[in-house]
Amino acid sequence: MKTIVSFGDLTRQFAVSIRILPVTVAICSGLYIIIVLLAAQIVPYSASGSLIRSENGQVVGSECIAQQFSRPEYFWPRPSAVSWNAAAAGGSNLSPASLVMRQRTEKLLAVYALKKGQRVPADLVTASGSGLDPDISLSAASFQAARVAHARDLALDRVMSLVNTHAAGRRSAVLQDEPLVNVLVLNRELDRLKH
Amino acid sequence: MLLLFLLVLIIPALLSWPLGLAMTRMIDPDEASGYGRWTARIFRKTGGEGAVEEQEWKGYLFSMLMFNVLMFAFVTIVLALQQWLPLNPDGKGPLEASLIFNAVASFVTNTNLQHYSGEVSMSYFSQLFGLMWLQFVSASTGIASVAALARAIGGKKTVGNFYSDLMRTSFFVLLPLALLVALLLLAGGVPMTLDGAAVAHTLEGATQTIARGPVAAMEAIKQLGTNGGGFFGPNSTHPFENPSFFTNVVECFSIVLIPMAVVWMFGRITGRMRDAAVIFSVMMALLLLKCGAAIWLEGAPAAVFSGLPVELASNLEGKELRFGSSAGALWAAVTTATSNGSVNCMHDSLNPLTALVPLAGMWMNVVFGGVGVGLINMFIFIIVGVFICGMMVGRTPEYFGRKVETREMTLALLALLVHPALILGGTALFAATPAGAATVLNTGAHGFTEILYEFTSAAANNGSGFEGLGDNTAAWNIATGIVMLLARYIPVILPLAIAGSLAAKKPVPVTAGTLRTDTLLFGVIILGSVVLIGALLFLPVAVLGPVADHLTAIIH
């Protein structure tokens, strides 16, 4: 049994390694990617990013990705530590016991101008991990419904029934704590309601 | 909640049994079998005689290190040249040198600590032909190592051939599983496109650039190979990496599947299934404990909301609603038990005490652990357990019929001490100097935890992070790069040396006085050595970091 690695072994092992390497690249990267890309053709909508287009074909966003809404006539998404930048996503990384997060929460609460005794749903004052969470909870949507209805001059019932329809469509995820609403999809429906 | 446990813990545990059998057949085939022969023929054609010949443990290690050096070199070149290479629709520019070193060290060692954001810095070519390729071959390297260790412990003088093991694992275990998972992820809505970022004109009239890419392919092997390095910066919190509850289950499931199956593969190759069952039970017990603790602790609302008009809910900072509140905590426990390191919530924003769960997982680093290497780490604790028992009854300790003596124990203790030395030494150095202290986001005890977590993650080859840390500096890149390399190779080399040394000894006959390693009692002993030696070493830093953080938060 050899115990010392001679130079001969070194060059020999190098020769084997250098021959194996391109084969593994060709199979694990090349072949694999080609198969998955071909399979992706079966689901072109989601494979290209679940892009939502307007009637004239312009991309208005992605169903998966939150975008900024700050006008009163729209439902607002969860706070984003990266200002909904979908080219550099991220969370706040703040400690939930930190003074900075306390101050941020107070600022956010001020924006919602609470009535006496009213409480904000927790998802509206916490930044998501990606900064791009497309959903809000049903209670967060209900919480905003009055503002939206008022800004659009619509009956609250009408807005709420739209919210409920959307939340109900998502109930398939049995394990969710409560139904969710996709903010972009809901806001698009709202805009259509006007016409 | 019970259903969640069932889906991502119990079902993979059940499936790990048949998968362990299949992996044994694929990686350690009967040489006379049809599969054994035709693969050997192809490997011989590809790499020459050196790719199939039987190696003793030193030769095996040498081949492994040689191939790993070339892995390092190849991907360094790919990343360094990315601005001139194809598949770069968004025109990503050159990367800074220390970042290249860190990224390559990170992916070669199966760590996937990421000091960059994929969608900001990396071209599709770098992601697919550099990093994703490493996600395959670094995982194969780990699994091959445990196959070699098992053969040596099983009493063989030769431990197989590294190149054959690598290719069999990559092509016949990882590739088929990755294809299956990638298809499930595609069905669940994960993108897979070579087109560059999409530009959207939002409803409020702003412009939003939406980064996308060939995500599904990388996502699958990222999870299966305990890699954890995501396509996007925020990893599996990103809606394109993990768009729904369904994909979340698929991904979480994929994290634990192979690490679990490796235990059974070890049992089959050594021919000691009862030993494997004991090891599996110890790991499973620790995993369930970790998961339960994480979910319970994370159910508490964020401390800063006390006294504010916010509805009572579990801590949602850094979490995505579509996974539900407990899925983030569960994932945090699983990903750090297995050395995967992907995240579906931001660990920096976990409740202070919850952060102890991922930290403890990485300190022990044996709760299934990284593919292959988790079991190798456990082997060291088993040797220590055997030794302690031997001391207690006053007999020379034995493992699998071979005497454990001074040489083996010296190597085992060295292997044990590398991990805490790297973590505590690194943390002390960086907490005391501006290199670390100036880079933390949160102040006080939480900032200390950010530094502690970074070194823990690097030394455990995990790759998750307290991402508030501004870690893309030359000091962090170089320090953690070196820690990852040491923490990867020393704990593979030393155990193989122990196994090789054991295999060279004459077997001693089993008598009534022999300590049996396949009993529940011995399981308790391993559990004890893991908890007492593996975790308690870190009690002081646990108190300085997460515990102090928790206690000071209550004062708010």
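In this predicted model, the centres of domain 1 and domain 2 of chain B, taken over C-alpha atoms, sit 24 Å apart. Those two domains touch each other, and chain B also has a broad set of contacts with chain A, involving 99 residues of chain B and 90 residues of chain A. Here's a quick tour, starting with chain B and finishing with chain A.

**The two domains of chain B**

- The domain assignment puts domain 1 of chain B at residues 2–263 and domain 2 of chain B at residues 370–554.
- Where they meet, 35 residues from domain 1 of chain B are in contact with 36 from domain 2 of chain B.
- On the domain 1 side, four helices of chain B each chip in at least two residues: H3 (57–80), H4 (97–108), H6 (124–153) and H9 (245–270).
- H6(B) gives the most to that side, with 9 residues.
- Sorted by class, the domain 1 side has 18 nonpolar and 15 polar residues, plus 2 charged ones.

**The nonpolar core**

- The largest nonpolar core runs to 242 residues.
- Within this core, the residues with the most contacts are B:Ala216, B:Leu330 and B:Ile383.
- H6(B) turns up again here, supplying 19 residues, the largest share of the core.
- If you click on B:Ile383 and skip its neighbours within four places in sequence, you'll find it in contact with B:Tyr399, B:Val404, B:Glu408, B:Ala412 and B:Ile498.

**Where chain B meets chain A**

- Counting residues in contact, chain B brings 99 to this meeting and chain A brings 90.
- On the chain B side, helix H7 of chain B (residues 162–187) provides the largest share, 11 residues.
- That chain B side breaks down into 59 nonpolar, 26 polar and 14 charged residues.

**Chain A on its own**

- Chain A is 195 residues long, and 43% of them count as buried.
- Its secondary structure adds up to 6 helices and 4 strands.
- Following the sequence of chain A, the order goes α-α-β-β-α-β-α-α-β-α.
- Among contacts in chain A with a separation of 6 or more, 53% link residues 24 or more positions apart.

How values were computed
Residues numbered from 1 in each chain as written. Chains lettered and ligands numbered in written order. Predicted model: local features only at pLDDT ≥ 70, side-chain atom pairs only at ≥ 80, totals over all residues. Buried ≥ 20, exposed ≤ 12 C-beta atoms within 10 Å, placed from the backbone. Contact = placed C-beta atoms within 7 Å. Nonpolar A, V, L, I, M, F, W, Y, C, P; charged D, E, K, R; others polar. Domains from an automatic or database assignment. Core = buried A, V, L, I, M, F, W, Y, C linked by C-beta atoms within 7 Å.
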